[in-house]
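This briefing is meant for a reader who is meeting the structure for the first time. Please look over the sequence and the model before turning to the notes that follow.

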Amino acid sequence: MARPRTTPRTVEHPELSEVTLQQALEALADPVRRMVVCQLTRAGGEKGCGTFDTPVSDSTLTHHFAVLREAGVIRQHYRGTTKLNSLRTAEMEARFPGLLPAVVSAAEAEA
């Protein structure tokens with residue numbers, strides 16, 4: 001029998017002041033990660049990891065979430081056993097004005 005968890009699961013997030021423009025651009029350069037950002041934008045809030053429509057396996061998608069999180073683009077947290085994702089829209093806008101809207105607009109125009 002498994003021992004009950006005594007501490008909630010948490011996910012580490014960088015301070016956006018520590019994220020460079022290079023990191024953000026590299027994270028957003030990948031088409032799958034842009035798909036994730038666009039889907040989060042359309043959702044207008046949180047979205048569970050298993051609810052994204054992408055052409056990659058779950059394990060590969062987990063890697064893409066990590067890259068976006070480490071670049072400060074998304075925030076992840078657990079609600080029960082579900083890991084939820086949301087854009088750090090206001091924080092990104094303060095750090096890199098206009099970047100996310102420009103990327104989303106260009107990605108949607110390209111699709």
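Is glutamate 46 buried, partly exposed or exposed? With a relative accessibility of 39%, glutamate 46 falls in the class of partly exposed residues, because that class runs between the cut-offs of 20% and 50%. The model is a predicted one, and the points below take up its salt bridges and then the contact of two helices.

**The salt bridge of glutamate 46**

- Under the rule applied here, the salt bridges number four, and one of them pairs glutamate 46 with arginine 79, whose closest N and O atoms are 2.9 Å apart.
- Glutamate 46 sits in the loop between α2 (31-43) and β1 (47-48), whereas arginine 79 belongs to strand β2 (residues 74-79), so this pair ties together parts of the chain that lie 33 residues apart in sequence.

**The salt bridges of glutamate 91**

- A salt bridge also joins the side chains of glutamate 91 and arginine 75, with a distance of 3.4 Å from N to O.
- This pair links distant parts of the chain, since glutamate 91 is in helix α4 (residues 89-95) and arginine 75 is in strand β2, with their positions 16 residues apart in the sequence.
- Glutamate 91 has a relative accessible area of 34% and is therefore partly exposed, and arginine 75, at 31% relative accessibility, counts as partly exposed as well.
- The side chain of glutamate 91 meets that of arginine 88 in a salt bridge too, at 2.9 Å from N to O, although arginine 88 itself counts as buried because its relative accessibility is 4%.
- Through salt bridges that share partners, Arg75, Arg88 and Glu91 are joined into one network.

**The contact of α1 with α5**

- The axes of helix α1 (residues 21-29) and helix α5 (residues 99-110) come within 12 Å of each other and cross at roughly 20 degrees.
- Because angles under 35 degrees count as roughly parallel, α1 and α5 are described as roughly parallel to each other, and the crossing in which α1 passes α5 is right-handed.
- On the α1 side the contact involves Leu21, Ala24, Leu25 and Leu28, which meet Leu99, Leu100 and Val103 of α5.
- Sorted by character, the residues of this contact of α1 with α5 comprise seven nonpolar ones, with no polar and no charged residues among them.

Definitions and conventions. Residues numbered from 1 in each chain as written. Predicted model: local features only at pLDDT ≥ 70, side-chain atom pairs only at ≥ 80, totals over all residues. Heavy atoms only, no water. Axes fitted to C-alpha atoms, helices over the stretch in contact; angles between N-to-C directions. Helix = DSSP H or I, 4+ residues; strand = E, 2+ residues; numbered from the N terminus. Parallel < 35°, antiparallel > 145°, perpendicular 65-115°, else oblique. Left-handed = near helix turned anticlockwise from the far one by under 90°. Contact = heavy atoms within 4.5 Å. Nonpolar A, V, L, I, M, F, W, Y, C, P; charged D, E, K, R; others polar. Buried < 20%, exposed > 50% of the residue type's maximum accessible area, 1.4 Å probe, protein only.
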